[in-house]
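Student: I'd like to go through the labels on this one and see where they come from. Can we take them one by one?

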Amino acid sequence: MSSINIRDLQRELENKANDLSKLQKDIAKNHQVRKKYTIQLGENELVLKELDLLKEDANVYKLIGPVLVKQDLAEANANVRKRIEYISAELKRLDATVQDLEEKQKSKQETIMKLQQKAQSLQAGKGKA
């Protein structure tokens, strides 16, 4: 009977390990996306600083496809601010997602450790018998 329990535990342990692996991949993917957004945020903040240095009558151009299109300074400022706001919101959302995934990862690791201890105690009990 204990060999059946050990096999069941090993199967459950493999499933939990696979789940943990998926969580770790999701965390890594979220970190990559966060890194991309952080870079974009820095770029947009730099653009905003540059726009703030311009005079009211300065010419501002926006790249649309292969064409530079003239744009109003106030409109360019508003667009960059909206982009910064959006990226900041995405970063907050990603931070919450990563935190949630890391909590799940910690929980899975604890479950795996408990299962390993249970399997070891079953094997130790089997070895004594």
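**Labels and cut-offs**

Tutor: Sure, and keep in mind that this is a predicted model. Start with E90: its relative accessibility is 14%, and buried means under 20%, so E90 counts as buried.

Student: What makes R93 and E90 a salt bridge?

Tutor: Their closest N and O atoms are 2.9 Å apart. The cut-off is 4 Å between a side-chain nitrogen of Lys or Arg and a carboxyl oxygen of Asp or Glu, so the pair qualifies. Both residues sit in helix α2, three residues apart, about one turn of the helix.

Student: Why is R93 called partly exposed?

Tutor: R93 has a relative accessible area of 45%. Partly exposed runs between the 20% and 50% limits, so R93 falls in that class.

Student: How do you know that R81 and D52 form a salt bridge?

Tutor: The closest N and O atoms of R81 and D52 are 3.8 Å apart, and the limit is 4 Å, so the pair counts. This one links distant parts of the chain, with R81 in helix α2 and D52 in helix α1, 29 residues apart.

Student: Which salt bridge involves R34?

Tutor: R34 pairs with D95, at 2.5 Å from N to O. R34 is in helix α1 (residues 2-53) and D95 in helix α2, 61 residues apart. The whole structure has six salt bridges.

Student: What makes the patch of E56, D57, D72 and E75 negative?

Tutor: Asp and Glu count as negative, and those four residues are Asp or Glu, so the patch is negative.

Technical notes:
Residues numbered from 1 in each chain as written. Predicted model: local features only at pLDDT ≥ 70, side-chain atom pairs only at ≥ 80, totals over all residues. Heavy atoms only, no water. Patch = residues over 30% accessible without salt bridge, like charges linked within 9 Å, V, L, I, M, F, W, Y side chains within 5 Å. Areas by Shrake-Rupley, 256 points an atom, 1.4 Å probe, with all protein chains shown as cover. Charge placed at Lys NZ, Arg CZ, Asp CG, Glu CD. Helix = DSSP H or I, 4+ residues; strand = E, 2+ residues; numbered from the N terminus. Buried < 20%, exposed > 50% of the residue type's maximum accessible area, 1.4 Å probe, protein only.
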